[in-house]
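Here is a short note to read beside the model. The points run from the core outward to single residues.

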Amino acid sequence: VPAGEFLMGSTDPEARNTTENGRAVRVFPESAAVQIELRVKPGQADGRLEVELCDAVGRRPVRLALAEGGIVNAADGTNRVNVGKYKAGEGLTLVLTTDLAAGRYTVQVDGGEVKRFVCAEKDCTSVQRLSLRTGLWRGCGEKIEVEAGSDVPLATPAVFRVIDMSIRPLK
C-alpha cells in the first residue's frame, strides 16, 4: 500500500481473515477538543466502516458509520441520524470535531453542512484514539458476550481505502 494510504479489509478472495471485524486504531494526545479529517475511498456501497473516537478505556462518545446502502450515519445520543451518502469507488471526506466539555460533536461530509450531535457517552471527558472497524461493534472486553459463530467469513469482504487522515487537538 503506498505511503499515506491504509487498506481496511482484504482484496484477496482467498484470504482466511475476511471476517467483518477488521480494526485499526490510531492513538493521539488526549484531548477534549479535537478535529479529525479523514479521506476514505470505499470499494463498495454495501460494506460497513465504523469510525469512532474513543477514550483510554474504550468509551465511544463519537460514532460515525459508512453503513450498508451507501448511507453515512452518526450517533446523536442513543439514536442514529443519516448525515450523507457515499458511492463505491468515490473518495469521501469526513470531518469530525469534538467539544466533549459540552457533550457535543460535529460532522461534515464532503464540505457540506456542519451537523451537530450529542455525544453517545455523556460521561466521557476526553478522547485519545481514532478507531476504524469494518463491522459492527460487539462489546468485546466489556463483559458483553459475543454471540458464538457471529464473526463468520463474509461472502464479499468490505474494502475501504483510507487515503489521508489528520488529527488536530484544538485545546
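1. **Core.** A nonpolar core is a set of buried Ala, Val, Leu, Ile, Met, Phe, Trp, Tyr and Cys residues joined through side-chain atoms within 4.5 Å. Buried means under 20% relative accessible area, exposed over 50%, and partly exposed in between (1.4 Å probe, protein chains only). The largest such core here has 32 residues. Leu 64, Leu 66, Val 72 and Val 107 have the most contacts inside it. Strands 3 (34–42), 4, 5 (62–67), 6 (71–76), 8 (92–99), 9, 11 and 12 (160–169) each supply at least two residues of this core. The largest share, four residues, comes from strand 3.

2. **Basis.** This is a predicted model: local features need pLDDT of at least 70, side-chain atom pairs count only at pLDDT 80 or more, and totals for chains, interfaces and linings use all residues. Residues are numbered from 1 along each chain as its sequence is written, and side-chain values use heavy atoms, with hydrogens and water left out.

3. **Overall make-up.** The protein chain has twelve strands and zero helices. Helices (H or I, at least four residues) and strands (E, at least two) are DSSP runs, numbered from the N terminus. Of the 171 residues, 42% count as buried. The accessible surface comes to about 9,200 Å², computed by the Shrake-Rupley method with a 1.4 Å probe; for residues, only the protein chains shown count as cover. Carbon and sulfur atoms hold 48% of that surface.

4. **Contacts.** Contact means heavy atoms within 4.5 Å. Among contacts in the protein chain with a separation of 6 or more, 68% are between residues 24 or more positions apart. Leu 64 serves as an example: not counting residues up to four places away in sequence, its contacts include Leu 49, Val 51, Val 72, Arg 80, Leu 96 and Val 107.

5. **Strand 11.** Seven of the eight residues of strand 11 (residues 127–134) are buried, so this strand is largely enclosed by the rest of the structure. Which strands pair with strand 11 in the antiparallel sense? Strand 2 (residues 22–31) is joined to strand 11 by seven bridges, and strand 4 (residues 49–54) pairs with strand 11 over five. Two strands pair if DSSP finds at least two bridges between them. Arg 23 has Arg 133 as its bridge partner in strand 11. For Leu 53, the partner there is Leu 130.

6. **Leu 38.** This residue lies in strand 3. Leu 38 is buried, at 1% relative accessible area. Its C-alpha is 7.8 Å from that of Ile 163, though the two are 125 residues apart in sequence. Leu 38 also touches Val 51, Leu 94, Leu 132 and Met 165, among others.

7. **Aromatic pair.** Rings of Phe, Tyr and Trp (its six-membered ring) pair if their centres lie within 6.5 Å; planes under 30 degrees apart count as stacked, over 60 as edge-to-face and the rest as tilted. The count comes to one pair. Tyr 105 and Phe 117 form this tilted pair, 5.6 Å centre to centre with 35° between the planes. Tyr 105 is in strand 9 (residues 104–109) and Phe 117 in strand 10 (residues 115–118), twelve residues apart. Tyr 105 is buried at 1% relative accessible area, and Phe 117 is buried at 3%.

8. **Backbone check.** Most residues other than glycine have a negative phi. Asp 110 has a positive phi of about 50° although it is not a glycine. Asp 110 lies in the loop between strand 9 and strand 10 and is partly exposed, at 45% relative accessible area.
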